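Grab your viewer and work through these exercises one by one. Each has a task and a solution that goes step by step.

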Amino acid sequence: RVLLEVKDLRAVIAESGQEILRGVNLTIYEGEVHAIMGKNGSGKSTFAKVLVGHPDYETPVEIPGVSNFDFLNMAYNARRKRQGLPGLPPLEFYSYVSPKAAAVNMDLRFLDRNVNEGFSGGEKKRNEILQLAVLEADLAILDEIDSGLDVDALQDVAKAVNGLLTPYNSVLMITHYLRLLDCINPSHVHIMEEGSIVKTGDVSLAKQLEKEGYKAFSVL
Ligand code: ADP
Ligand code: MG
Ligand code: MG
């Protein structure tokens, strides 16, 4: 089953006419784990944003003053509604969310805190993974989920992502670092340069990249 098919995707800055994405092609099947690497400014985040900005995709928003539990319950019920299913009342939702929080190593007290308020970098990322777990996303798009994490937090987040993977969903992660790919083993690695994917391979591509730098892969 194809989860994402992108053909010749282009994006232009309206004011300046500057082309940011110049024909991105990418197909993701269920069960695959894709990584996109590339120099700063190559268009990775723009690509992720264009994907999640599509009306077929949703991303959780931050709402100050709302408890994490209520937020997750609302997001989950909104999804259930779109599926034509009734929402879960708080007590039942608690039974649903508790094991998922445990699976990402999150203390249940975090559910009572306000969304992201005072969360450390690692806690925020862990919470994002919990949101993905609750929403049972078919395709998770993670832009630099490893940035700003210490080694232990990175391991935790990676473990949580691995825990979400099934043969029926997939992850697209954007990263600068091989250290993330050591924890979450990608089936496909892509290199983006100036708004398009210029090379695709397996994890050995990332290893080569770490050794030789982006110059080795430049087609420009
Ligand atoms: P990456 O995530 O690979 O570092 P980005 O997608 O963030 O790259 O940015 C790609 C290029 O597009 C950069 O040159 C950036 O300055 C430019 N860019 C991205 N968004 C905008 C915007 N809203 N307005 C102007 N330029 C932008
Ligand atoms: Mg950047
Ligand atoms: Mg970026």
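**Exercise 1: the ligand shell**

Task: Which residues lie around ligand 1, and which helix gives the largest share of that shell?

Solution. Keep in mind that this is a predicted model. Start by listing the neighbours: around ligand 1 you find Ile-13, Ile-20, Gly-38, Asn-40, Gly-41, Ser-42, Gly-43, Lys-44, Ser-45 and Thr-46. Next, sort them by class, which gives two nonpolar, seven polar and one charged residues. Last, look at secondary structure: helix H1 (residues 44-53) supplies the largest share, three residues.

**Exercise 2: Ile-174 from several angles**

Task: Work out whether Ile-174 is buried or exposed, and what it touches.

Solution. First place the residue: Ile-174 sits in strand E5 (residues 170-174). Then count neighbours. The cut-off for buried is 20 or more other C-beta atoms within 10 Å. Ile-174 has 23 C-beta neighbours inside 10 Å, so it counts as buried. Now for the contacts: leaving out residues up to four places away in sequence, Ile-174 touches Ile-36, Lys-44, Ala-48, Leu-142, Asp-143 and Glu-144. Lys-44 should ring a bell, as it also belongs to the shell around ligand 1. Finally, try a distance: His-190 is 16 residues from Ile-174 along the chain, and their C-alpha atoms are separated by 9.5 Å.

**Exercise 3: two odd backbone angles**

Task: Where do Asn-105 and Glu-144 lie, and how many C-beta neighbours does each have?

Solution. Take Asn-105 to begin with. Its phi is positive, about 65°, although it is not a glycine. It lies in the loop between helix H3 (90-103) and helix H4 (121-135). There are 15 other C-beta atoms within 10 Å, so Asn-105 is partly exposed.

Now do Glu-144, one of the residues that Ile-174 touches. Here too phi is positive, about 50°, and the residue is not a glycine. Glu-144 belongs to the loop between strand E4 (139-143) and helix H5 (151-164). It has 17 C-beta neighbours inside 10 Å, so it counts as partly exposed.

**Exercise 4: domains and the core**

Task: Why does the largest nonpolar core lie between domain 1 and domain 2?

Solution. Set out the domains: domain 1 covers 1-57 + 201-220, and domain 2 covers 58-138. Their centres, taken over C-alpha atoms, are 28 Å apart. Next, the core itself: the largest one has 44 residues, and Ile-129, Val-157 and Met-173 have the most contacts inside it. Both domains give residues to this core, so it lies between them. To see one of these residues up close, pick Val-157: outside the four places either way in sequence, it touches Lys-125, Arg-126, Ile-129, Ile-145 and Leu-149.

**Exercise 5: the whole chain**

Task: How many helices and strands does the chain have, and how compact is it?

Solution. Count the elements: seven helices and seven strands. Read from the N terminus, they run β-β-β-α-α-α-α-β-α-β-α-β-β-α. The radius of gyration is 18 Å, close to the 17 Å that the globule rule gives for 220 residues, so the chain is as compact as a globular protein of that length. As for extent, the C-alpha trace spans about 55 × 35 × 35 Å along its principal axes. Burial comes next: 30% of the 220 residues count as buried. To finish, take the contacts with a separation of 6 or more; residues 24 or more positions apart account for 67% of them.

Technical notes:
Residues numbered from 1 in each chain as written. Chains lettered and ligands numbered in written order. Predicted model: local features only at pLDDT ≥ 70, side-chain atom pairs only at ≥ 80, totals over all residues. Domains from an automatic or database assignment. Core = buried A, V, L, I, M, F, W, Y, C linked by C-beta atoms within 7 Å. Buried ≥ 20, exposed ≤ 12 C-beta atoms within 10 Å, placed from the backbone. Contact = placed C-beta atoms within 7 Å. Helix = DSSP H or I, 4+ residues; strand = E, 2+ residues; numbered from the N terminus. Near = placed C-beta within 6 Å. Nonpolar A, V, L, I, M, F, W, Y, C, P; charged D, E, K, R; others polar. Rg over C-alpha atoms; globule rule 2.2 N^0.38 Å.
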